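Subject: Structure for you to look at

Hello,

Here is the structure I promised to pass on. Please open it next to this email and follow along.

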Amino acid sequence: MAAEVLEALKPRPGGRYADGTVGGAGHAAAILAASSPTGWLSGCDRDGAAVETAERRLAEKFAGRFEIRRGNFSEMAGWIPAASCDGVLLDLGVSSPQLDSPERGFSFQQDGPLDMRMDDRQRLTAAELVNDATAEELAKIFWEFGGERESRRFARAIVHDRNQKKFETTRQLAELIERISPRAGKRAHPATKVFQALRIAVNDEIGALKRGLEAAVEILKPDGRLAVITFHSLEDRVVKEFGRERTRDYTFSGAVDVPELRQPRAPELKWLARKAIAPGEMELKENPRSRSAQLRVLEKI
Ligand SMILES: C[S@@+](CC[C@H](N)C(=O)[O-])C[C@H]1O[C@@H](n2cnc3c(N)ncnc32)[C@H](O)[C@@H]1O
């Protein structure tokens, strides 16, 4: 959604931008090109391979105008100065190189180790979760992070099978799910939600997103814009709730918003558009993986 991101962030010469999910540097390059010749970009990714690729790609055209670090965007405010950025981008989820590399273990379509770590310095892998978590813990992960209706049944089957043989590969897990929930007539592979849920849990994606949104607001200048691209409703809900909270011109104590008990306050952010922006038809044709993408844009007041 490069065109939509550029439209939202309106990069300009001299502007300072942060890309918390630099990945293959597609968006980063577009921001640097649009802010030529003097725009600056601070970028990060928790994936070491992505950081190397991004640095190499950006150095070809934009040497001296960017800094890329390996790290979690939830820690951006630790190295990007407060109130210094005109725009911040978070393009969430996994990248195509991650999904397409069987050895990273993200895909049920190719066999590989059950890994799923975006940052391979981290200890917790998907195999560890699948082999060590209790049936209740697994069911909770499948339900909360995947919306999987058969969460309990799948979790019980995993616990049963791992007593015979530990889970080591993506194929082993995908085959178990397929065996107990055959694919016949279904559009998506029956393991889709389980794999998504495990990935979100292994990488603490929801926790990182909540902290990352806070960090993004901290490093934005007044009038600076935050663009967030989400890929599933769980992420989108976190962004929507964060936006709703920060755009309100009042606070309330307790869990329920009682109009008589509201305390006025100045809102911190405003929505650029009430509704999420979806990819255009061209992009959907060229990149079918973008079909579930949604862009939301907030401006700091
Ligand atoms: C959809 S890709 C980004 C693609 C990128 N915008 C581009 O144009 O090539 C998502 C990237 O975000 C990274 N990522 C996801 N969560 C992260 C986090 N909490 N901190 C840093 N990077 C993260 C992933 O490793 C992945 O490389």
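Below is what I found, starting with the sheet, then the ligand, then some single residues.

One caution before the details: this is a predicted model.

The sheet

Begin with the strands. Seven of them form an open sheet. The order is β3-β2-β1-β4-β5-β9-β8, and the pairing is mixed. The edges are β3 (66–70) and β8 (269–271). Each has a single partner strand, so one side of each is left without a neighbour in the sheet. From one strand to the next, the twist averages 15°.

Now take β5, residues 220–230. This strand is mostly covered, with eight of its eleven residues buried. Its pairing with β4 (residues 85–91) is parallel and runs over six bridges. To find the register, look at G87, whose bridge partner in β5 is R225. β5 also pairs with β9, residues 294–300. Here the two strands run antiparallel, again joined by six bridges. I229 marks the register on this side, with L295 of β9 as its bridge partner.

At the β3 edge, the partner is β2, residues 40–45. These two strands pair in the parallel sense over five bridges. G43 has I68 of β3 as its bridge partner.

The ligand

Which residues are closest to the ligand? They are H27, D45, F73, D91 and Q98, out of 22 that surround the ligand. By type, the shell divides into seven nonpolar, eleven polar and four charged residues.

Three polar contacts are worth displaying.

- N72: a polar side-chain atom lies 2.9 Å from a nitrogen atom of the ligand.
- G26: a polar backbone atom is 3.1 Å from an oxygen atom of the ligand.
- T21: a polar backbone atom is 3.4 Å from a nitrogen atom of the ligand.

How much of the ligand's accessible area does the protein cover? The figure is 92% of the 600 Å² that the ligand has on its own.

Backbone points to check

Most residues other than glycine have a negative phi, and most peptide bonds are trans. Three places here depart from that pattern.

First, K10. Its phi is positive, about 45°, although K10 is not a glycine. K10 sits in the loop between α1 (2–9) and β1 (16–19). Its relative accessibility is 46%, so K10 counts as partly exposed.

Next, D223. Its phi is near 75°, also a positive value in a residue other than glycine. D223 belongs to strand β5. Is D223 buried or exposed? Its relative accessible area is 58%, and the cut-off for exposed is over 50%, so D223 is exposed. Keep that in mind when you look at β5, where eight of the eleven residues are buried.

Then P37. The peptide bond from S36 to P37 is cis, with omega near 0°. P37 is in the loop between α2 (26–34) and β2.

Other residues

I200 is part of helix α9, residues 192–202. Its relative accessibility is 1%, so I200 counts as buried. Try a distance from I200 to A126. They are 74 residues apart along the chain, and their C-alpha atoms are separated by 9.9 Å.

S84 lies in the loop between β3 and β4. With a relative accessible area of 13%, S84 is buried. A polar atom of the S84 side chain lies 2.7 Å from the backbone oxygen of P81.

L261 is in the loop between β6 (250–251) and β7 (263–264). At 56% relative accessibility, L261 counts as exposed. L261 and S292 are 31 residues apart in sequence. In space, C-alpha to C-alpha, they are 39 Å apart.

If you have only a few minutes, go to β5 and its two sets of six bridges, to β4 and to β9. Then turn to the ligand and the contact with N72.

Best wishes

Terms used. Residues are numbered from 1 along each chain as its sequence is written. This is a predicted model: local features need pLDDT of at least 70, side-chain atom pairs count only at pLDDT 80 or more; totals for chains, interfaces and linings use all residues. Side-chain values use heavy atoms; hydrogens and water are left out. Buried means under 20% relative accessible area, exposed over 50%, partly exposed in between (1.4 Å probe, protein chains only). Helices (H or I, at least four residues) and strands (E, at least two) are DSSP runs, numbered from the N terminus. Two strands pair if DSSP finds at least two bridges between them. A residue is near a molecule or strand if one of its heavy atoms lies within 4 Å of it. A polar contact is a pair of N or O atoms within 3.5 Å; within protein, one must be able to donate a hydrogen and the other to accept it, and residues adjacent in sequence count only if both atoms are side-chain atoms. Accessible areas come from the Shrake-Rupley method with a 1.4 Å probe; for residues, only the protein chains shown count as cover. Ala, Val, Leu, Ile, Met, Phe, Trp, Tyr, Cys and Pro count as nonpolar, Asp, Glu, Lys and Arg as charged, and the others, Gly among them, as polar. Axes are lines fitted to C-alpha atoms, for helices over the stretch in contact, and angles run from 0 to 180 degrees between N-to-C directions.
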